[in-house]
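Here is a short set of questions for someone meeting this structure. Look at the sequence and the model, then read on.

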Amino acid sequence: MSWALDAFTYIAVGAGAFFFLAGTIGLLRFPDTLTRLHALTKADNLGLGLVVLGLLPQVDGVLNGLKLIVIWLLVMFSGADAGQLIARAARRAVRRKPPA
Amino acid sequence: MIVDAFYAAPALLILGLGIYTTVVRDTFPAIVGYIAYGLLLTVAWVQLHGVDVALTESAIGGGLTGMLLLRASARLRAHEAKARAETPGITLRLLAGLVAAGVAGALAIAVLTRPEPIPTLAPEVAANIASTGVGNPITAVLMAYRAMDTLLEATVLLLALIGVWSLAPDRVWGGRPGPRYNADPDGILAFIARVLPPIGIIVGMYIFWVGADNPGGKFQGATIVAAMWLLTMMAGLADAPPVSRRWLRILLVAGPVVFIAIGVAGALTAGAFLAYPEGWAKPMILVIEFALMPSLALTLGLILAGAPERAAE
């Protein structure tokens, strides 16, 4: 039974790493700030969620598992808010730039 | 081979990021590189099983220092072009490179020719840790064996705060630090500042409390609490208190004063400054930590808030 849990951990963490990689490629390749933010926040939230999901079978105790989930929720919360703040700052910077 | 890659990958990333931070011309990318460098160092410390150091590195090295650098760069943006125009001459740069290479070489020689087994006091710490009453050997070293160093750290932070306050112009001497933040009260920043501080304060106090037996401690906890306070200030939900207020100054020095008082009491009852009488180690450590934690959080928050910029009224 434990080999099934280990396999699940490998697959989930691997998928999470793949999403992190996809988010980084999006950051490097997308043309402007808003699309890069989209790539970062979506990929990182899903990537971290998969990593946390994969680590859940390995924790000892329900409390530690709950702590991992709370960490994921906090990262999602701060990531979404930071993304909104950066997007608004970017939009203000674009508006403030004098027309060429 | 996988294990080697596990240790080598962060090391290579740290080296690459360090080179980038030094070489890049603009200030903002350099600061971002420095913050990322701090986070990679956190990973390295966790790999070396120094979780307390990793917590402190991410809180103070990555978070606090990064924010101080961002604020400084924002203030200096007007003069950045002029500062960049003054490049030092070739001899000065060669000399600086030689000194840096010499220090790196000395460190490399010291690491590569270390004696086997490495001289360490860890077995003595582990053997006597029961008498200190704490389970975490790092906390035992910080609060019992080398309490003097912790006292000096707290005092140095206070001195740094006085240094920051001394930058105030004469007309706002003793006023409120930092500008008046006018964030939209219905906006995102105010929303974050309402949701995160309760969670952050609990996390900070937990890290402070659990530092007795597990990785943690008051510096890391105080940094998180200070960050939450700064968040509410930057969202406009709270205003920075004027630095001339008496309650503020009493709270700031309360921690170090209690520490020194316990040290003097130790000199009178146990024979040496900061010695703890038999069986009194844990209560004394608790009193010191409870007195020091609010002072530390206030000091760190005020250092980040900056020099007074507005009059006290």
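Q: Is A:L55 buried, partly exposed or exposed?
A: The model is a predicted one, and the count runs over C-beta atoms. A:L55 has 16 C-beta neighbours inside 10 Å. Buried needs 20 or more, and exposed needs 12 or fewer. A:L55 falls in between, so it counts as partly exposed.

Q: Which residues does A:L55 touch, not counting residues up to four places away in sequence?
A: A:L55 is found in helix α2 of chain A, residues 33-55. With the residues up to four places away set aside, the contacts of A:L55 are A:T9 and A:L68.

Q: How far is A:L55 from A:G65, C-alpha to C-alpha?
A: The two residues are ten residues apart along the chain. In space, the separation of their C-alpha atoms is 8.4 Å.

Q: Is A:G26 buried, partly exposed or exposed?
A: A:G26 sits in helix α1 of chain A, residues 2-29. Around it, 17 other C-beta atoms lie within 10 Å. That is between the cut-offs of 12 or fewer for exposed and 20 or more for buried, so A:G26 is partly exposed.

Q: Which residues does A:G26 touch, not counting residues up to four places away in sequence?
A: A:A93 is 67 residues from A:G26 in sequence and 22 Å from it in space, C-alpha to C-alpha. Contact requires C-beta atoms within 7 Å. Beyond four places in sequence, A:G26 touches A:R36, A:A39 and A:A43.

Q: How many residues does each chain give to the contact of chain A with chain B?
A: On the chain A side, the residues are two nonpolar, one polar and one charged. Chain A and chain B give four residues each.

Q: What pattern of helices and strands does chain B follow?
A: Chain B holds twelve helices and two strands. Its C-alpha atoms fill a box of roughly 60 × 55 × 40 Å along the principal axes. Read along the sequence, the pattern is α-α-α-α-α-α-α-α-β-α-α-α-α-β.

Q: What share of the contacts in chain B with a separation of 6 or more joins residues 24 or more positions apart?
A: Chain B has 313 residues, and buried residues make up 28% of them. Among its contacts with a separation of 6 or more, the share from residues 24 or more positions apart is 73%.

Q: How many residues of each domain of chain B take part in the contact of domain 1 with domain 2?
A: The domain assignment gives domain 1 as 1-86 and domain 2 as 130-313. Their C-alpha centres lie 24 Å apart. The contact takes eleven residues from domain 1 of chain B and twelve residues from domain 2 of chain B.

Q: How many residues of helix α10 of chain B are buried?
A: Helix α10 of chain B runs over residues 218-234. From first C-alpha to last it reaches 24 Å, close to the 24 Å expected at 1.5 Å a residue. Just after this helix, B:G236 takes a positive phi of about 80 degrees. The helix is mostly covered, and of its 17 residues the buried number is 14.

Q: At what angle do the axes of α3(B) and α10(B) cross?
A: Helix α3 of chain B covers residues 51-75. It passes α10(B) in a left-handed crossing. The contact includes B:L55 and B:I60 of α3(B), and B:F219 and B:I224 of α10(B). Its residues divide into seven nonpolar, four polar and no charged. The axes come within 9 Å and cross at roughly 35 degrees.

Q: Is B:H49 buried or exposed?
A: B:H49 lies in the loop between α2 (27-47) and α3 of chain B. It has a positive phi of about 65 degrees although it is not a glycine. With 9 C-beta neighbours inside 10 Å, B:H49 counts as exposed.

Q: Is B:L274 buried or exposed?
A: B:L274 belongs to the loop between α11 (246-269) and α12 (281-305) of chain B. It is not a glycine, yet its phi is positive, about 70 degrees. With 22 other C-beta atoms within 10 Å, B:L274 is buried.

Q: Which residues does a cis peptide bond join in chain B?
A: The loop between α5 (90-112) and α6 (122-128) of chain B holds B:P117. Omega at the cis bond is about -5 degrees. The bond joins B:E116 and B:P117.

Note on methods:
Residues are numbered from 1 along each chain as its sequence is written. Chains are lettered from A and ligands numbered from 1 in the order in which they are written. This is a predicted model: local features need pLDDT of at least 70, side-chain atom pairs count only at pLDDT 80 or more; totals for chains, interfaces and linings use all residues. Domain bounds come from an automatic or database domain assignment. Two residues are in contact if their C-beta atoms, placed from the backbone, lie within 7 Å. Helices (H or I, at least four residues) and strands (E, at least two) are DSSP runs, numbered from the N terminus. Ala, Val, Leu, Ile, Met, Phe, Trp, Tyr, Cys and Pro count as nonpolar, Asp, Glu, Lys and Arg as charged, and the others, Gly among them, as polar. The expected span of a helix is 1.5 Å times one less than its number of residues. Axes are lines fitted to C-alpha atoms, for helices over the stretch in contact, and angles run from 0 to 180 degrees between N-to-C directions. A crossing is left-handed if the near helix is turned anticlockwise from the far one by less than a right angle, and right-handed if clockwise.
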